[in-house]
Amino acid sequence: MEKQKITISDNLGQALAGAIAECAPDRIFVLADETTARLCLPLAASCPGVNEAGLITIKATDSNKNIDSLQHVWAELGRMGATRHSMLINIGGGMVTDLGGFAASTFKRGISYVNVPTTLLAMVDASVGGKTGINFNGLKNEVGVFNNASRVILDTDFLGTMDTENMLSGYAEMLKHGLISSERMWAELLSFDVEHPDLGQLRRMVADSVAVKERIVLEDPTERSLRKALNLGHTAGHAFESFALAHRPVLHGYAVAYGLVCELYLSVVKTGFPADRMRQTVAFINEHYGKMNITCDDYATLFELMTHDKKNVAGTINFTLLGGIGDIRINQTATRDEIFEALDFYREGN
């Protein structure tokens, strides 16, 4: 995969016009969920080409990132005459960019697509890096492909429209990027007032965060080695997220934050991560994200969900842990007892 083309813009129409001209599609289609179609699509409506594009809408929230929504997108593309030379513009959060990217990557064996993320989470995570997919069989992102968008447009004007909960969801991925990057970045993230953000400072921090992911993805586009660093917090986090789907769904970033608590604990125990840095990070997470209501009776279910994680090899649960901030240790394993201890720490020990 080539280096992803990412534009950080405060003029969405101009950026979209450039992306369209670059691909010269015969037809343009726009995918949005019901929320972003109402709130975000008007910002792009004046762009030549977009105002005449075929609009495809799907239901909002991650519970609809499923095969039914995917089939709907395929069917609508076919009904409206999409060809192999057409373009799909995904305008929305991570659910839309994940599902839209997968739909575009598979329709007629692949058409061009552009991601326009409208949430902080999608800007710093889902829309960047070429991962596409859907949830399937009760598991997060179980089916998908690696395929870069023709362009990712990060329009910072959207940052001013997000509620605190969605801001925090994206911020968890930024916190992860800080932990795998540098003390400076980590410290700035812990000291930033995320619930009353300075948008100018946040824009710069978003650019820094995207640069961390971009550097890693360029070196390891298909997750053979270094890209596994981006999975910090996600082995436990995806288990929390899948567990919540059957109870009370949580935003992806909240699940990642809960997963970071467990995996930083494992990092202290297994790879020597400094306990004071773990405590500082966990205190920030507890203050802003709270906790999922689980009991020890739920541990076996969470453990079983971890066994389905895509990073696993030969039935062994695989974690990305840290020896220190920026000291990445991929392909780490933990026993059932160690994982239960981490869940104890998450639930009652911090």
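Here are three short exercises on a predicted model, each with a worked solution.

Before you start, note that residues are numbered from 1 along each chain as its sequence is written. In this predicted model, local features need pLDDT of at least 70, side-chain atom pairs count only at pLDDT 80 or more, and totals for chains, interfaces and linings use all residues, while side-chain values use heavy atoms, with hydrogens and water left out.

**Exercise 1. Find the order of the strands in the six-stranded open sheet, and name its edges.**

Solution. Begin with the elements: helices (H or I, at least four residues) and strands (E, at least two) are DSSP runs, numbered from the N terminus. Two strands pair if DSSP finds at least two bridges between them. Following the pairs gives the order E1-E8-E5-E4-E2-E3, with parallel pairing. Strand E1 (6-9) and strand E3 (54-58) each pair on one side only, and these are the edge strands. Next, look at the twist: neighbouring strands are turned by 20° against each other on average, direction ignored. (Axes are lines fitted to C-alpha atoms, for helices over the stretch in contact, and angles run from 0 to 180 degrees between N-to-C directions.) Helix H4 (residues 94-106) packs on this sheet, touching strand E2 (28-33), E3, E4 and E5, and its direction makes about 165° with that of E4; contact here means heavy atoms within 4.5 Å. Finally, zoom in on one pair: E4 (residues 87-92) and E5 (residues 112-117) run parallel over six bridges, and Met87 stands opposite Ser112 in E5.

**Exercise 2. Describe the second largest cavity and its lining.**

Solution. On a 1 Å grid over the protein atoms alone, a cavity is a set of points where a 1.4 Å probe fits but cannot get out, whereas a pocket is an open set with protein on both sides within 12 Å along at least five of seven lines; lining residues have an atom within 4 Å of a point. Grid points are joined across faces, edges and corners, and a volume is the space filled by probe spheres set on the points. The structure holds three cavities of 30 Å³ or more, and the second largest has about 40 Å³. Its lining is Met174, Met185, Glu188, Leu189, Met205 and Asp208. Helix H7 (183-191) gives the most, with three residues.

**Exercise 3. Describe the second largest pocket.**

Solution. Its volume is about 280 Å³. Of its 14 lining residues, Arg248, Pro249, Val250, Tyr258 and Met292 lie nearest the centre. Helix H9 (234-245) and helix H10 (252-271) are the elements giving two or more residues.
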